[in-house]
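Trainee: Got a minute? I'd like to go through a structure with you.
Mentor: Sure, put it up.

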Amino acid sequence: MFNFDPLYYPYSSRRMTVFAQKGMVATSQPLAAQAGLDMLKRGGNAVDAAIATAACLTVMEPTSNGIGGDAFALVWIDGKLHGLNSSGPAPKSISIEAVHKAGYKEIPKYGWIPVTVPGAPAAWAALSDRFGKLPLTEVLKPAIEYAENGYPVSPVLGKFWNRAYRIYKELKGEEFKYWFETFAPNNRAPEIGEVWRSVDHARTLQSIAETKGVSFYQGELAGKIHQFSQKYGGFLTIEDLAEYSPQWVNPIGIHYRGYDVWEIPPNGQGLVALMALNILKGFQFAERDSLDTIHKQIEALKLAFADGKKYITDPDKMKVSVEDLLSDGFAEERRNLIQDQAIMPEAGSPAKGGTVYLATADQDGNMVSYIQSNYMGFGSGLVVPGTGISLQNRGHNFSLDSSHDNRLEPGKRTYHTIIPGFLTKENEAVGPFGVMGAFMQPQGHLQVIMNTIDFHLNPQAALDAPRWQWLDGKIVEVEPSFPPHIVEALGRRGHQIQVAADSGSFGRGQIIWRDQKSGVLAGATEPRADGTVAAW
């Protein structure tokens with residue numbers, strides 16, 4: 001059976017691990033999870049469930065993702081793990097010189113400059129075409145119905161929607177008015193429990209469903225995006241959209257204490273989580289809630305991030321190979337830098353050689369780890385008129401330093417924060433996991449995996465456990481529930497500890513583990529979100 005005691009529950013969120021046999025969907029919005037489960041009950045598989053859930057989340061959690069965002073997926077099907085990178089590149093007409101000419105010294109967060117080609121609709125079409133059992137028109141139907149008829153805003157969603165409204169209210173420019181027409185039609189964010197709908201969103205989803213995504217990249221929707229961009233001086237064109245296609249990739253992984261931990265390769269930052277775990281596997285940890293454990297986790301993560309932020313970019317532009325960064329020799333070199341006191345992280349030199357997450361599983365053993373995002377909440381603040389399409393601002397992660405590995409270039413994909421995770425053991429699926437939340441994501445992956453493998457916590461306890469996040473230099477932020485004695489001890493080790501006012505920035509995760517003998521599914525959902533585990 002499972003490698004944990006299901007009743008051992010040291011961190012209580014008043015939720016328990018959910019068990020089922022025929023199917024499971026875990027995500028941050030209950031209605032979206034139920035939509036995915038409905039696909040399983042209609043004869044669909046884990047892939048159909050993932051697409052349905054993802055499409056619903058563009059409607060039910062627009063504070064974190066949208067039709068105009070990117071997506072990544074790890075798909076376990078027929079005994080093999082597949083990777084999908086559906087992140088879009090920078091427009092071909094943009095350049096460092098063009099951004100400087102527009103008066104910017106760094107890439108802004110909002111407006112047209114950080115907008116990259118959206119990949120989410122292409123991800124749905126690609127997944128459905130290769131692995132789905134149901135037609136896309138049926139799989140997207142729940143999202144279309146919720147967009148047209150509305151749904152009541154849930155508590156955490158309402159909190160972040162109101163926060164976004166206050167931020168976008170300060171933006172100057174006519175191009176932002178369409179965001180307010182769509183997401184604040186009453187000159188305010190919708191209140192918790194209030195019904196919100198978007199008929200434009202419904203029509204767009206219907207068009208994507210009927211054309212298998214073609215309308216978004218080569219048809220009517222592409223034309224509307226192009227016209228909007230041209231009207232307000234954007235760089236994105238209909239040619240950029242027409243030339244886009246997602247990429248099937250080979251997942252990357254490391255062996256960690258009898259398990260294999262898998263991530264999407266760059267341009268995603270899953271490599272950061274793997275590098276940190278590779279460093280940490282050279283240590284032995286007696287308990288989770290100890291100074292030694294937390295100190296070494298933080299130090300390993302800092303070193304991995306230093307390397308990731310230097311080297312991760314579009315894989316076609318990377319100067320260092322993934323294999324070199326994940327080599328045992330490089331891990332040992334970095335491990336030897338960890339001492340009793342906190343260090344300032346710097347990148348090493350290896351030998352040359354706002355997001356939503358969901359997990360699904362079906363009764364045939366197929367499982368999906370899927371993540372989708374606009375970045376920084378709603379994204380760029382731009383909504384294509386008459387469509388409900390909120391455009392992402394992924395280009396904000398590019399550097400305007402011409403010597404930087406992740407410098408802005410036409411048609412290049414940037415360092416990407418969203419990462420799905422997957423766990424296997426002896427070439428059999430254990431299951432999907434993920435923790436959304438910008439640069440918190442690899443940190444959440446590290447903590448959840450160690451909670452599971454090193455400390456044998458059940459899925460819900462692994463998610464509930466108090467988290468830390470490294471911010472910069474020696475600055476580390478911890479949740480309000482973090483043990484005070486460890487906070488004080490970390491300070492004596494040289495860490496600059498900040499206790500957060502709430503848990504909003506510490507990621508929101510989901511887990512589904514599958515027992516390899518019985519096939520029983522064990523699922524958990526994040527207490528920091530509105531999530532649920534829908535099971536059958």
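Trainee: Is Phe 433 buried or exposed?
Mentor: Phe 433 is buried, with a relative accessible area of 0%. Buried means under 20% relative accessible area, exposed over 50%, and partly exposed in between, with a 1.4 Å probe and protein chains only.

Trainee: Which strand does Phe 433 lie in?
Mentor: Strand β15, residues 428-436. Strands here are DSSP runs of E, at least two residues; helices are runs of H or I, at least four, and both are numbered from the N terminus.

Trainee: Can I trust those numbers?
Mentor: This is a predicted model, where local features need pLDDT of at least 70 and side-chain atom pairs count only at pLDDT 80 or more, while totals for chains, interfaces and linings use all residues. Residues are numbered from 1 along each chain as its sequence is written, and side-chain values use heavy atoms, leaving out hydrogens and water.

Trainee: How far is Phe 433 from Tyr 357?
Mentor: Their C-alpha atoms are separated by 8.7 Å. Along the chain, the two are 76 residues apart.

Trainee: New topic. How many residues of α17 are buried?
Mentor: 13 of its 13, so α17 is mostly covered.

Trainee: And what about the whole protein: how many helices and strands?
Mentor: 19 helices and 21 strands. Buried residues make up 65% of the 536 residues.

Trainee: What does the C-alpha trace span?
Mentor: About 60 × 55 × 45 Å along the principal axes.
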